[in-house]
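The following questions and answers introduce a structure to a reader who has not met it before. Please consult the sequence and the structure as you read.

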Amino acid sequence: MDYSTDYTTHAEAIADLFASTFTASEGAEEGALIGALVRRLIAETPAGDLRVVTAWEDGTLLGGIFFTRLTYAGDPRTVFMMAPVAVATEHQGQGIGQRLIAHGLDALRREGVDIAVTYGDPAFYGRVGFKSVSETDLPAPQPLNQPQGWIAQSLTEAPLTPLAGPARCVAAFDDPALW
C-alpha cells in the first residue's frame with residue numbers, strides 16, 4: 001500500500017470514494033453530504049489548514065483521510081481535526097483505515113502538530129490512541145449532536161490538557177449539519 005498527499009490530481013476520485021462509502025454505510029443523504037463536504041474541503045480550504053492522505057494499491061484508491069486546522073482563541077497549540085475518514089467498502093475490514101490513520105497522525109507529529117481531535121466512534125478511534133474529552137476541556141466549534149464522539153489525543157510528549165476557546169474550524173466544516 002502506498003500513501004499520497006497529492007489530493008488535487010485525484011480530487012474527483014477522492015470525493016467519489018467518500019460519497020460512495022458513506023452512502024453504503026449511512027445512506028444516500030449522508031453520502032451526498034460527505035461528498036459535498038470533501039469537494040468543499042479540497043476546493044476552498046487554504047493549503048496551510050488542510051492535510052489529505054490517501055492510500056493506494058496498484059493504481060486503486062483504497063481510502064482517504066482529511067485533517068483540517070482547528071484554532072482556539074486563547075491557546076497557542078496547533079490542533080488538527082481528523083475528519084472525514086473513508087475506506088472503500090470492498091476493502092474494509094483489512095486494517096487499511098487504522099494504518100491510514102496511523103500514517104496521517106505520524107505525519108502531523110513530524111510537522112509539530114500538538115493535538116489531533118476527531119468526532120466519531122470512540123471504540124474504533126480508541127484503537128489508534130484517541131480518548132474521550134469533554135467540550136469543557138476541548139470546546140467544539142459547533143454544538144455536538146453526540147458529545148460522546150468528541151475524542152482527542154496529544155501528538156507530543158505533553159499530556160492532553162484543556163484548550164482555551166472558543167474554537168474555530170475551517171469554513172467547509174462550519175455547518176451545524178456536520179456536527
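Rings of Phe, Tyr and Trp, the last by its six-membered ring, form a pair if their centres lie within 6.5 Å. The model discussed here is predicted.

Q: How many aromatic pairs are there by this rule?
A: Two rings count as a pair if their centres lie within 6.5 Å. Applied to this model, the rule gives a count of seven.

Q: Is the aromatic pair of Phe18 and Phe66 stacked or edge-to-face?
A: A pair of aromatic rings is described by the distance of the centres and the angle of the planes. For Phe18 and Phe66 the centres are 5.3 Å apart and the planes stand at 80°. Planes over 60 degrees apart count as edge-to-face, and the pair of Phe18 and Phe66 is therefore edge-to-face.

Q: Which parts does the pair of Phe18 and Phe66 tie together?
A: Both Phe18 and Phe66 are buried. Since they are 48 residues apart in sequence, the pair ties together distant positions of the chain, namely helix H1 and strand S3 (residues 60–72).

Q: Are helices H1 and H2 roughly parallel or roughly antiparallel?
A: The axes of H1 (residues 11–26) and H2 (residues 28–44) come within 7 Å and cross at roughly 155°. Angles over 145 degrees count as roughly antiparallel. H1 and H2 are therefore roughly antiparallel.

Q: How many nonpolar residues does the contact of H1 with H2 have?
A: The contact includes Ile14, Phe18 and Phe22 of H1, and Ile34, Val38 and Ile42 of H2. By class, three of its residues are polar and five are charged, while the number of nonpolar residues is 11.

Q: Is Ile14 buried or exposed?
A: Ile14 lies in helix H1. Leaving aside neighbours within four places in sequence, its contacts include Val38, Ile42 and Phe66. Its relative accessibility is 0%, and under 20% counts as buried, so Ile14 is buried.

Q: Where does the cis peptide bond with omega of about -10° lie?
A: One partner of this bond, Pro84, belongs to strand S4 (residues 79–87). The cis bond joins Ala83 and Pro84.

Q: What is omega of the peptide bond from Gly165 to Pro166?
A: Pro166 is placed in the loop between strand S7 (150–154) and strand S8 (167–168). The bond from Gly165 to Pro166 is cis, and its omega is near 10°.

Q: Is Asp58 buried or exposed?
A: Asp58 is found in the loop between strand S2 (50–57) and S3. Its phi is positive, near 50°, in a residue other than glycine. Its relative accessible area is 77%, and over 50% counts as exposed, so Asp58 is exposed.

Methods. Residues numbered from 1 in each chain as written. Predicted model: local features only at pLDDT ≥ 70, side-chain atom pairs only at ≥ 80, totals over all residues. Heavy atoms only, no water. Axes fitted to C-alpha atoms, helices over the stretch in contact; angles between N-to-C directions. Helix = DSSP H or I, 4+ residues; strand = E, 2+ residues; numbered from the N terminus. Parallel < 35°, antiparallel > 145°, perpendicular 65-115°, else oblique. Contact = heavy atoms within 4.5 Å. Nonpolar A, V, L, I, M, F, W, Y, C, P; charged D, E, K, R; others polar. Phe/Tyr/Trp six-rings, centres within 6.5 Å; stacked < 30°, edge-to-face > 60°. Buried < 20%, exposed > 50% of the residue type's maximum accessible area, 1.4 Å probe, protein only.
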